[in-house]
Amino acid sequence: MKRFLAAAIAVCLSTFAGAAHAGLISSQTDSNPNASNVVDDGTISPGEYSTAYTGGGTGFGGTVGLGTLYLDSDGVNLYLGFQPGSNVNDNFIIHLDSRTGGYTDAQMNDTADPGRNLLTNLTRDVDDPFAILPDFGIVMGGFGQVSFELTTGSLNFLGFENDQAGNSPALAREFEISLATLGNPTSIDFFVSYGADNNYMSNESMPVEAFNAGANPGFDNNGTFSPVVRTNYNQFNVPEPTSMAIAAVGALILSSRSRRRPQKA
C-alpha cells in the first residue's frame, strides 16, 4: 500500500510541477481520453470538448485574441475546435510539439504557398524564438484547414478540409489529426499565431504574450528587425488510463487521510 500511495502521489506532484513550468500558461487534461462528444458540424456546444484555451491581442480585430480554442481526444484523434472572436479575414496558425525533437523558426523556410510560409516564417523578415520545438502545424483560414509535418525542407502535407470555410465568426472551425500521426503523445504543447497570407503578423496569440499590448509586428517587428519572442505555450494532456486510475486512487487516499486527521483541541 505504501508503494501504491507513493506512486499516486508522484503522479499528482508531476501534474502540478508541469503546470508550474516556466512559460507554460495553461495545462489542461482530457478527463475522458478514450471517448469524445465532438461533432464536426461548425457549432461548438457545451460539453462537446474537454478543454478550452484563450489568448490576447486585438491587432487584427480579435479573431484569435478574443477567440477560444477547444481540444479533445478519443484515443484515436486529436480534435480541435476554434471559435473565432471576429471575422476570419486572415490565418490562424497553430504549432504543435508532440514528440522529441522539433524545429525552430530559423531552421524552416518553405515558401511554396501562404500556409507553408506562415508555419516556417512567422514574422517574415526575422527569426522568432519559440518556447517549444514544434513538430507539426495547422493553418486555418477562409479557405478551410490544412495540416503539415514540419521539416527543414518542404513540409510534409498531411490533410486538408474545407467543409467550414468563409470568414464568418459565427462558424466554428472543427478539424482533427490522428494521434498516431502525432506520435501517440500523452501531452501536446502548442501556441497559436494570427497573420495574413503575405506573412504580415498581428499582435494576437494564444496563450497571452507581452507583444499583445504593442503594435502588430508586421513583416519586421515594426521596422526594428528584432525577433518577436514567443515565451509562452499551452499544454493538452492525454493521460493513459492507468495513470488516471492511480491519480484518482491517490487523491481518494489523501482525502480519506485528511478527513481522519484528529482536530486540535
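Student: Where is T63 placed?
Tutor: First, this is a predicted model: local features need pLDDT of at least 70, side-chain atom pairs count only at pLDDT 80 or more, and totals for chains, interfaces and linings use all residues. Numbering runs from 1 along each chain as its sequence is written, and side-chain values use heavy atoms, leaving out hydrogens and water. Strands here are DSSP E runs of at least two residues and helices are H or I runs of at least four, numbered from the N terminus. On that scheme, T63 belongs to the loop between β2 and β3.

Student: Is T63 buried or exposed?
Tutor: Go by relative accessible area: under 20% is buried, over 50% is exposed, and in between is partly exposed (1.4 Å probe, protein chains only). T63 comes out at 0%, so the verdict is buried.

Student: Which backbone oxygen does the side chain of T63 reach?
Tutor: T63 touches F82, P84, G85, S86, N87, V88, Y194 and E204, residues up to four places away in sequence aside; touching, or contact, means heavy atoms within 4.5 Å. A polar contact needs N or O atoms within 3.5 Å, and within protein one must be able to donate a hydrogen and the other to accept it; residues adjacent in sequence count only if both atoms are side-chain atoms. At 2.7 Å, the side chain of T63 reaches the backbone oxygen of N87.

Student: How far from the side chain of T51 is the backbone oxygen of L71?
Tutor: T51 is in strand β2, residues 51–53, and is buried at 3% relative accessible area. L71 is among its contacts beyond four places in sequence, along with Q28, T29, D30, L69, Y70 and F236. From the backbone oxygen of L71 to a polar atom of the T51 side chain is 2.9 Å.

Student: Which strand gives the most to the largest nonpolar core?
Tutor: A nonpolar core is a set of buried Ala, Val, Leu, Ile, Met, Phe, Trp, Tyr and Cys residues joined through side-chain atoms within 4.5 Å. The largest has 26 residues, and L69, L78, I94 and F190 have the most contacts inside it. β3, β4, β5, β6, β9 and β10 each put in at least two residues. With four residues, the top contributor is β10.

Student: What separates Y200 and F219 in sequence?
Tutor: Rings of Phe, Tyr and Trp (its six-membered ring) pair when their centres lie within 6.5 Å; planes under 30 degrees apart are stacked, over 60 edge-to-face, and the rest tilted. Y200 and F219 are an edge-to-face pair, with 5.1 Å between centres and 85° between planes. Y200 lies in the loop between β10 and β11 and F219 in the one between β11 and β12, so the pair ties together parts separated by 19 residues.

Student: Which residue lies over the face of F219?
Tutor: F219 is partly exposed at 21%, and shares one aromatic cluster with F60, Y194 and Y200. A charge sits over a ring if NZ of Lys or CZ of Arg is within 6 Å of the ring centre and within 35 degrees of the ring normal. Here, 4.0 Å from the ring centre, that residue is R124.

Student: How much of the protein chain counts as buried?
Tutor: The chain has three helices and 12 strands. Residues 24 or more positions apart make up 67% of its contacts with a separation of 6 or more. Of its 265 residues, the buried share is 47%.
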